[in-house]
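Here is a friendly walk through the fold and the interior of one protein. Have a look at the picture, then read on.

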Amino acid sequence: MPGQMSLPPPLPPRELPRVMFWRLRRNPLRRRSDVVQAWLGVGLTLVLPAATPLALFLVGDAAHRHYARAAEHQAATRHRTTAVLVEDARSHPEPGSAEAKRTLYPTEVRFTDPQGRTRTAHADAQPALPKGSTLRVWAGTDGKLTDPPLSPDQIRSRAMGCALIAVLGVHAAAAVAYGTAHRVIQHRNLAEWESAWAETAPG
């Protein structure tokens with residue numbers, strides 16, 4: 001029955017060009033909705049190659065400038081200092097192993113903040129590092145230990161990540177736009193078929 005008809009799934013991307021051009025050719029089965037959907041697909045196909053590098057550049061440039069400013073602010077508000085362990089760092093269960101060389105344990109340290117005050121905090125230390133050993137750490141204007149300012153490599157990496165996300169967003173938006181239009185048109189076609197069936201079906 002017409003009322004029980006279900007919508008077909010959207011076509012896979014590799015089938016879109018063939019179907020779009022089929023809908024643009026004159027034939028007795030072509031409807032106005034087919035032409036609308038075909039031109040929408042053609043428009044998205046033409047826009048994407050231009051929108052992709054544009055999004056890559058604009059978002060990447062904006063993100064790079066943002067993180068560069070953040071790095072400048074961090075460099076102005078953070079300073080590197082020497083911290084002294086006030087306790088022994090924890091020992092690794094497998095001393096000398098490759099994992100032990102990569103492992104760091106939070107250990108209480110004492111350091112001097114930018115205002116010259118002595119403070120204590122926890123910093124990552126190598127396993128079994130004895131009390132009294134020194135570490136190089138970064139401290140902020142609030143007197144708390146923090147990460148070092150962003151490096152040029154980190155700035156570039158984060159900017160490129162934002163740019164790639166923007167490109168994926170452009171392609172996702174195009175796919176959603178086409179998929180939404182496809183379903184709206186299919187709903188309209190089903191409604192027209194049901195209306196025509198109600199008028200022509202035997203009583």
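Which residues make up the largest nonpolar core? In this predicted model, that core consists of 11 residues: Ala83, Leu85, Ala89, Val109, Phe111, Ala123, Ala125, Leu129, Leu135, Val137 and Ala139. Four strands each supply at least two residues of the core, and the table gives their ranges.

| Strand | Residues |
|---|---|
| β1 | 78-85 |
| β2 | 105-112 |
| β3 | 118-125 |
| β4 | 134-140 |

Among these, β4 gives the most to the core, with three residues. Apart from this core lies another one of six residues, including Tyr67, Leu150, Ile155 and Ala159. As background, nonpolar side chains in soluble globular proteins tend to be buried together.

Val109 is a good residue to click on in your viewer. Leaving aside residues up to four places away in sequence, Val109 touches Ala83, Val84, Leu85 and Val86, along with Arg119, Thr120, Ala121 and Ala123, and also Leu135 and Leu145.

Now for the whole protein. It has four helices and five strands, and along the sequence they follow the pattern α-α-β-α-β-β-β-β-α. Of the contacts with a separation of 6 or more, 65% are between residues 24 or more positions apart.

How much of the protein counts as buried? The answer is 29% of its 203 residues. On the outside, the protein exposes about 13,700 Å², and carbon and sulfur atoms supply 60% of that area.

Note on methods: Residues numbered from 1 in each chain as written. Predicted model: local features only at pLDDT ≥ 70, side-chain atom pairs only at ≥ 80, totals over all residues. Heavy atoms only, no water. Buried < 20%, exposed > 50% of the residue type's maximum accessible area, 1.4 Å probe, protein only. Contact = heavy atoms within 4.5 Å. Areas by Shrake-Rupley, 256 points an atom, 1.4 Å probe, with all protein chains shown as cover. Core = buried A, V, L, I, M, F, W, Y, C linked by side-chain atoms within 4.5 Å.
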